[in-house]
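Please look through the structure below with the sequence at hand, since the explanation that follows moves from one region to the next and is easiest to follow with both in view.

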Amino acid sequence: MARRPIALVTAAVLLLEAPGIVAINAVMARFVEVQAMSLDGMDPDAMVAGTWALGIGSGVALVLCGLVALVAGVRDRSPGRFGRALLIGCAVVHGLLGAVAVGLLGWKAFAFLMVVLGLLVLTLVAYGKETLAEEAPAAQEPAAA
């Protein structure tokens, strides 16, 4: 089955997306800093720090998701409970961002986010049956006498 290449491509895309997200947030932080923007009297320095924090946090989360997919692809085994939860969260965020991006950024951004969402879902689905197949025989084995 093609689950190993799917997981490896998903990992590559997520690991390449991480510095892009950090760079986008860096540009937004620079705009806020140069123009001294604020929302409802909020300190512009706090907004710059918050933008940087969001960018770095998002980048770290994407790297973690990419590493989970990479380990799953290299080992050709299903990610653990935490890894699956991380990939599911990443898929949900990409779906929500895609819904917002179509209106704000256009169809190209939407298409990219949906491709990443599709890769994440394919990775999760491809490694989903293995866990169920491994647990089922163990549960049906008779107890030792």
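The lining of the largest pocket draws on H1, H2, H3 and H4, each of which supplies at least two residues, although the largest share, nine residues, comes from H3. This pocket belongs to a predicted model, and its volume comes to about 690 Å³. In total 23 residues line the pocket, and those nearest its centre are Glu17, Ile21, Val93, Leu97 and Leu113. By class, the lining holds 18 nonpolar residues, four polar ones and one charged residue. Rolling a probe the size of a water molecule over the atoms shows where empty space is left.

The pocket can now be placed within the chain as a whole. The secondary structure amounts to five helices and zero strands, so that, by the DSSP assignment of helices and strands, the pattern read along the sequence is α-α-α-α-α. Of the 145 residues in the protein chain, 31% count as buried.

In H1, the 33 residues should span 48 Å at 1.5 Å a residue, and the end C-alpha atoms are indeed 48 Å apart, which agrees with that expectation. The buried residues of this helix are Arg3, Ala7, Thr10, Ala11, Leu14, Glu17, Ala18, Asn25, Ala26, Ala29 and Val32, and Glu17 in this list is also among the residues nearest the centre of the largest pocket. Just after H1, alanine 36 takes a positive phi of about 50°. Most residues other than glycine have a negative phi, and most peptide bonds are trans.

Which side-chain contacts between charged groups does the model contain, and how many salt bridges does a search of the whole structure find? The search finds two salt bridges. In one of them, arginine 3 is joined to aspartate 76, with the closest N and O atoms 3.2 Å apart. This pair links distant parts of the chain, for arginine 3 sits in helix H1 (residues 3-35) while aspartate 76 lies in the loop between helix H2 (44-75) and helix H3 (81-104), the two being 73 residues apart. The partners also differ in their surroundings: arginine 3, with a relative accessible area of 16%, is buried because that value falls under 20%, whereas aspartate 76, with a relative accessible area of 24%, is partly exposed. Aspartate 76 has a further feature in its backbone, where phi is near 55°, a positive value in a residue other than glycine.

The other salt bridge is formed by the side chains of arginine 30 and glutamate 33, which meet at 3.5 Å, N to O. Because they are three residues apart in helix H1, arginine 30 and glutamate 33 are separated by about one helical turn. An α-helix has 3.6 residues a turn, so residues three or four places apart point the same way. Glutamate 33 is partly exposed, its relative accessible area being 47%.

In helix H2 the residue to follow is glycine 59, which is buried, with a relative accessible area of 6%. Glycine 59 and proline 19 are 40 residues apart in sequence, yet their C-alpha atoms are 6.4 Å apart in space.

Helix H4 (residues 107-126) has 20 residues and reaches 28 Å from its first C-alpha to its last, close to the 28 Å expected at 1.5 Å a residue. Its buried residues are Leu113, Val116, Leu117, Leu119, Leu120, Thr123, Leu124 and Ala126, and of these Leu113 returns the reader to the largest pocket, being among the residues nearest its centre.

A search of the whole structure for aromatic contacts finds one aromatic pair. Tryptophan 107 and phenylalanine 110 form this pair in an edge-to-face arrangement, with 5.4 Å from centre to centre and 90° between the planes. A pair of aromatic rings is described by the distance of the centres and the angle of the planes. Since they are three residues apart in helix H4, tryptophan 107 and phenylalanine 110 are separated by about one helical turn. Tryptophan 107 counts as exposed at 63% relative accessibility, while phenylalanine 110 is partly exposed, with a relative accessible area of 24%.

Note on methods
Residues numbered from 1 in each chain as written. Predicted model: local features only at pLDDT ≥ 70, side-chain atom pairs only at ≥ 80, totals over all residues. Heavy atoms only, no water. Helix = DSSP H or I, 4+ residues; strand = E, 2+ residues; numbered from the N terminus. Expected span 1.5 Å × (residues − 1). Buried < 20%, exposed > 50% of the residue type's maximum accessible area, 1.4 Å probe, protein only. Salt bridge = Lys/Arg side-chain N within 4 Å of Asp/Glu carboxyl O. 1 Å grid on protein atoms, 1.4 Å probe; cavity = no way out; pocket = protein on both sides within 12 Å on 5 of 7 lines; lining within 4 Å. Points joined across faces, edges and corners; volume = space filled by probe spheres on them. Nonpolar A, V, L, I, M, F, W, Y, C, P; charged D, E, K, R; others polar. Phe/Tyr/Trp six-rings, centres within 6.5 Å; stacked < 30°, edge-to-face > 60°.
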